[in-house]
Amino acid sequence: MPEPLAAPADEQHGGDVAAEKQKVQDAVAKVAADLGARAQKAGGEAQQVLEAAVMMAQDPMLADDVTARIDGGKTGERAVHEAFASFQEQLVALGGYMAERATDLADVAQRIIAALRGVPAPGVPESDTPFILVARDLAPADTALLDLEKVLGLVTSDGGPTSHTAILARSKSIPAIVGVTGALELADGTSIVLDAAAGAVVVDPSAEQVADAEQRIADRVAQAAAPITDGALADGTKVPLLANVGSAKDGPAAVELGAEGVGLFRTEFLFLDASEAPSVETQTAQYTALLEFFPGKKVVVRALDAGADKPLSFLNDAHEENPALGLRGLRALRASEQILHDQLTALKNAQDATEADLWVMAPMVADAEETAWFVEYGKKLGLNTVGVMAEVPSLAVVADQVLESADFVSIGTNDLTQYTLAADRMLGSVASYQDPWHPAVLRLVKSLGDAGAAAGKGVGICGEAAADPQLAVVLVGLGATTLSMTPAALADVRAELAGVTLEQAKAKAAAALAAHSADGAREAARTA
Ligand code: PEP
Ligand code: MG
């Protein structure tokens with residue numbers, strides 16, 4: 001994928017003002033036409049995003065600013081660069097939704113400058129034939145807009161396996177491997193086999209390797225067509241398979257793919273575009289809309305998890321050197337109790353208005369004191385079932401104490417891995433540490449599973465680990481009672497669980513626990 005263009009040098013044009021302006025006008029017209037055509041092809045939400053970009057390219061105020069800068073002697077490229085950058089700064093200063101549009105504006109500016117230079121625009125390239133996209137990283141907007149007919153897979157050199165690029169790619173069923181060293185050295189047109197399950201990229205594969213990959217793809221297609229059943233092991237042990245969702249709109253797809261309920265509703269997406277917390281009424285409507293898709297079924301909603309990679313200025317605008325270790329999750333909610341009060345009130349309203357079995361949990365909880373505080377707070381507001389997420393290792397260490405008050409625990413393996421291995425989940429350079437197969441993470445899961453069994457309470461998994469079929473088996477062997485994942489992963493996990501008994505899952509778990517590394521655990525579980 002073409003890299004971002006360098007800023008044009010601050011140079012004066014040759015003196016022909018009219019010619020310079022004409023070049024910019026032509027470039028803008030070309031970019032607007034190209035984006036417009038893409039918008040028509042994309043349809044849906046992508047169409048709206050692209051149509052907004054067309055309007056930005058043609059914005060009259062921006063055009064005036066560019067013209068004035070050319071009049072002042074700047075080259076067309078430089079004038080576009082400066083005018084867009086100044087407008088971007090204004091948007092960033094406005095904050096919230098407007099600030100997010102600043103990135104889109106930068107993309108439009110890059111396209112115009114590329115057109116002026118006569119080079120390909122940065123971003124996802126156009127191609128007539130399907131291809132595997134190799135990039136440094138993708139903006140979530142790029143990932144969301146990927147043409148699934150054309151992009152067969154994704155390899156990035158940056159980002160960890162639980163970065164938002166990876167999570168989005170998985171939710172769109174795009175095989176993706178992120179944080180691959182040397183990815184950018186792959187020349188355009190190189191033939192590769194991408195095995196996302198094994199995390200392997202085979203360069204210039206042999207005919208045999210290609211045939212093997214094609215057979216595995218055919219097997220997967222056949223598997224996905226199998227009838228949908230509830231999650232269970234070969235001996236009949238039930239393992240409810242639930243969905244991770246980000247909004248009420250995700251409900252129908254989750255139901256269609258056989259989710260037996262929702263194991264994680266990430267509510268922060270309701271808040272992230274806003275400059276203040278949504279009202280109780282707005283939230284009630286959103287929660288009710290999701291719960292209505294699941295009458296008689298469990299729906300686990302997570303209280304607002306802001307902070308770290310999901311900053312929210314109205315909750316915490318302090319500069320933090322290490323935001324992942326800062327005022328995030330429940331810590332931030334306790335510091336802004338009204339926001340928590342409003343959210344739990346809205347959830348109680350939704351609980352009363354629907355037939356779903358609502359469970360509510362807090363993110364980023366450290367110990368039994370925080371657990372007891374949250375559970376009491378939720379119950380006082382009338383919530384029936386209140387629990388906590390296990391994401392901070394300290395919570396797993398005192399799991400028995402936590403389960404004295406919590407009705408349930410749900411393990412967020414993404415954060416639990418990041419904190420156990422002290423490896424920032426957003427950082428490509430430490431991506432190899434961000435592996436939930438690590439025996440240290442598995443031992444914490446076991447401690448939670450044991451405590452859950454002793455207390456007779458549920459211990460679910462809602463991090464990305466649950467979407468890895470082999471790891472899902474191990475997690476059940478360690479005591480997980482439910483698994484929640486992006487709906488696209490349900491079919492593979494369902495099929496894998498159906499092939500093992502509880503006794504076999506426990507044997508695989510024991511083998512993995514005794515390993516000395518994540519790779520060792522993977523291998524030990526495979527051969528146990
Ligand atoms: C997790 O940390 O595993 C989790 C499910 O939460 P998120 O990925 O939203 O931080
Ligand atoms: Mg988390």
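User: In this predicted model, which residues is S410 in contact with, leaving aside its neighbours within four places in sequence?

Analyst: A contact here means heavy atoms within 4.5 Å. On that basis S410 is in contact with M361, V388, M389, A390, G460, I461 and C462, once neighbours within four places in sequence are left aside. S410 itself lies in strand β11, residues 408-411.

User: Is S410 buried or exposed?

Analyst: The cut-off for buried is under 20% relative accessible area. S410 has 5% relative accessibility, so S410 counts as buried.

User: C462 appears among those contacts. Where is C462 placed, and which residues does C462 touch?

Analyst: C462 is placed in the loop between β12 (458-461) and α19 (469-477). Not counting residues up to four places away in sequence, C462 touches N244, G263, L264, M361, M389, S410, I411, G412 and S484. At 2% relative accessibility, C462 also counts as buried.

User: What does the UniProt record place at C462?

Analyst: Such an annotation may be inferred rather than shown by experiment. The unreviewed UniProt entry places the feature "active site" at H164 and C462. From this set, C462 is taken into the lining of the largest cavity.

User: Which residues are the protein donors of the magnesium ion, ligand 2?

Analyst: A metal site is read from its donor atoms, and water is not among the atoms here, so a site may look incomplete. The protein donors of the magnesium ion (ligand 2) are E391, through OE, and D415, through OD, lying 2.0 Å from the ion. E391 lies in the loop between β10 (385-390) and α15 (393-397), whereas D415 lies in helix α17 (residues 413-420), so the pair ties together parts that are 24 residues apart in sequence.

User: Are these donors buried or exposed?

Analyst: E391 is buried, with a relative accessible area of 2%. D415 is likewise buried, with a relative accessible area of 2%.

User: How many aromatic pairs are there, and how is a pair of aromatic rings described?

Analyst: A pair of aromatic rings is described by the distance of the centres and the angle of the planes. By this rule the count comes to three aromatic pairs. In one of them, the ring centres of F265 and Y287 are 6.1 Å apart and the planes stand at 80°, so the pair is edge-to-face. This pair links distant parts of the chain, with F265 in strand β7 (residues 261-266) and Y287 in helix α11 (residues 280-291), 22 residues apart. Both F265 and Y287 are buried.

User: What geometry do W373 and Y377 show, and how are they separated along the helix?

Analyst: W373 and Y377 form a stacked aromatic pair, with 4.9 Å from centre to centre and 25° between the planes. Since they are four residues apart in helix α14 (residues 368-380), about one helical turn separates W373 and Y377. Y377 is buried, its relative accessible area being 14%.

User: Which charged residue lies over the face of W373, and where does the charged end of K298 sit?

Analyst: R334 lies over the face of W373, at 4.3 Å from the ring centre. The charged end of K298 sits over the ring of W359, 3.9 Å from the centre of that ring.

User: How should a positive phi be read, and which residues other than glycine have one?

Analyst: Most residues other than glycine have a negative phi. Here D204 has a positive phi near 50°, and M364 has a positive phi near 55°. D204 is found in the loop between β5 (200-203) and α8 (207-224), while M364 is in the loop between β9 (357-362) and α14. At 56% relative accessibility D204 counts as exposed, whereas M364 is buried, with a relative accessible area of 2%.

User: How far apart are V255 and F293 in sequence and in space?

Analyst: Separation along the chain and separation in space are two readings. V255 and F293 are 38 residues apart in sequence and 7.7 Å apart in space, C-alpha to C-alpha. V255 belongs to helix α9, residues 251-256, and is partly exposed, with a relative accessible area of 40%. Leaving aside neighbours within four places in sequence, V255 is in contact with F293 and F294.

User: What are the corresponding values for A524 and A218?

Analyst: A524 and A218 are 306 residues apart in sequence and 27 Å apart in space, C-alpha to C-alpha. A524 is found in helix α22 (residues 518-527). Not counting residues up to four places away in sequence, A524 touches A511 and A512.

Conventions: Residues numbered from 1 in each chain as written. Chains lettered and ligands numbered in written order. Predicted model: local features only at pLDDT ≥ 70, side-chain atom pairs only at ≥ 80, totals over all residues. Heavy atoms only, no water. 1 Å grid on protein atoms, 1.4 Å probe; cavity = no way out; pocket = protein on both sides within 12 Å on 5 of 7 lines; lining within 4 Å. Helix = DSSP H or I, 4+ residues; strand = E, 2+ residues; numbered from the N terminus. Buried < 20%, exposed > 50% of the residue type's maximum accessible area, 1.4 Å probe, protein only. Phe/Tyr/Trp six-rings, centres within 6.5 Å; stacked < 30°, edge-to-face > 60°. Lys NZ or Arg CZ within 6 Å of the ring centre and 35° of its normal. Donors = N, O, S within 2.8 Å, 3.2 Å for Na, K, Ca; no water.
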